[in-house]
Amino acid sequence: MTSFLDPVIAFVSAHPWLAYLTLFLAALLEAIPVVGALVPGSTIILALSALVPGGEMKLWGVLAAAIAGAMLGDGSAFWAGHRSQREILGAWPMSRYPGVMAQSEAFFRRWGTLAVFFARFVPPIRAFVPVTAGALGMSPPLFFGVNIPAVLAWACAHVLPGVLAVSALHEYAGLPHHQHIGKHLWILAVFAAAIIALGVWTLRRRQARTGLRPGAGPT
């Protein structure tokens with residue numbers, strides 16, 4: 001894995017605009033209904049944030065790319081729902097995920113305006129709440145008044161941990177900057193956590209489908 005990461009870091013150093021574009025697209029696609037449940041946008045953003053302390057990427061550029069992508073994705077989904085109203089909730093491709101759509105609508109009805117803020121931090125509902133909010137008649141000023149602060153907080157929560165962690169590893173753990181060890185450790189940790197989270201989520205979905213629960217057995 002280390003031998004794979006070194007060329008990636010070198011490539012980003014030579015072509016930083018591609019890394020910013022990747023961040024933008026990751027945040028954008030993660031906010032689109034259905035697609036957002038499949039694209040590991042948060043994982044990509046968390047991983048690439050490790051390249052800020054070494055100068056391969058700039059903090060302001062990483063934050064700007066993530067914020068712009070998330071705002072465009074959320075805004076587009078909301079306007080689609082706002083224009084189509086409830087019809088869009090039963091249209092393709094949302095119609096293929098009735099369980100998630102029902103969960104998203106229940107989440108929105110339970111939390112109301114705050115659902116737009118909280119959903120930013122709850123995958124995969126994050127990809128469905130903006131379109132649900134629009135379809136259920138939330139006003140544009142109210143939606144964007146909550147969504148913009150949510151996106152700003154979400155971007156900071158996904159970018160700053162990697163920056164601070166890698167900086168701390170070099171500053172306090174004595175890891176040499178030029179060997180990229182801190183970046184390797186953070187990126188590997190992010191992808192390991194993502195794989196574990198995906199495994200847990202898949203297991204819970206299977207248990208829900210079969211009606212089983214941990215510790216349950218035949219009676």
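Which residues do ring pairs link into a cluster? In this predicted model, the cluster consists of Phe-78, Trp-79, Phe-143 and Phe-144. The count of aromatic pairs comes to eight. One of these joins Phe-78 and Trp-79. Their ring centres lie 5.7 Å apart. The planes meet at 70°, and angles over 60 degrees count as edge-to-face, so the Phe-78 and Trp-79 pair is edge-to-face. The two partners are not equally accessible: Phe-78 is buried, with 0% relative accessibility, whereas Trp-79 is partly exposed at 38%.

Phe-143 and Phe-144 form another aromatic pair. Here the centre-to-centre distance is 5.1 Å. The angle between the planes is 85°, and this pair is also edge-to-face. Phe-143 has a relative accessible area of 0% and is buried. For Phe-144 the value is 23%. Buried means under 20%, so Phe-144 falls outside that class. Phe-144 is therefore partly exposed.

A ring also takes part in a contact with a charge. The charged end of Arg-120 sits over the ring of Trp-154. The distance to the ring centre is 4.6 Å.

Two helices were then examined as a pair. Helix 2 covers residues 16-30, and helix 4 covers residues 59-84. Their axes come within 7 Å. The crossing angle is roughly 30°. Angles under 35 degrees count as roughly parallel, so helix 2 and helix 4 are placed in that class. The crossing of helix 2 past helix 4 is right-handed. On helix 2, the contact is made by Tyr-20, Leu-23, Phe-24, Ala-27 and Leu-28. On helix 4, the contacting residues include Gly-61, Val-62, Ala-65 and Ala-66. Also among them are Ala-68, Gly-69, Ala-70, Leu-72 and Gly-73.

Helix 4 also borders a loop. This loop runs between helix 3 (41-48) and helix 4, and Ser-49 lies in it. Is Ser-49 buried or exposed? Its relative accessibility is 0%, so Ser-49 counts as buried. Which residues does Ser-49 touch, leaving aside those up to four places away in sequence? The contacts are His-158, Val-159, Gly-162, Val-163 and Trp-186.

Methods
Residues numbered from 1 in each chain as written. Predicted model: local features only at pLDDT ≥ 70, side-chain atom pairs only at ≥ 80, totals over all residues. Heavy atoms only, no water. Phe/Tyr/Trp six-rings, centres within 6.5 Å; stacked < 30°, edge-to-face > 60°. Buried < 20%, exposed > 50% of the residue type's maximum accessible area, 1.4 Å probe, protein only. Lys NZ or Arg CZ within 6 Å of the ring centre and 35° of its normal. Helix = DSSP H or I, 4+ residues; strand = E, 2+ residues; numbered from the N terminus. Contact = heavy atoms within 4.5 Å. Axes fitted to C-alpha atoms, helices over the stretch in contact; angles between N-to-C directions. Parallel < 35°, antiparallel > 145°, perpendicular 65-115°, else oblique. Left-handed = near helix turned anticlockwise from the far one by under 90°.
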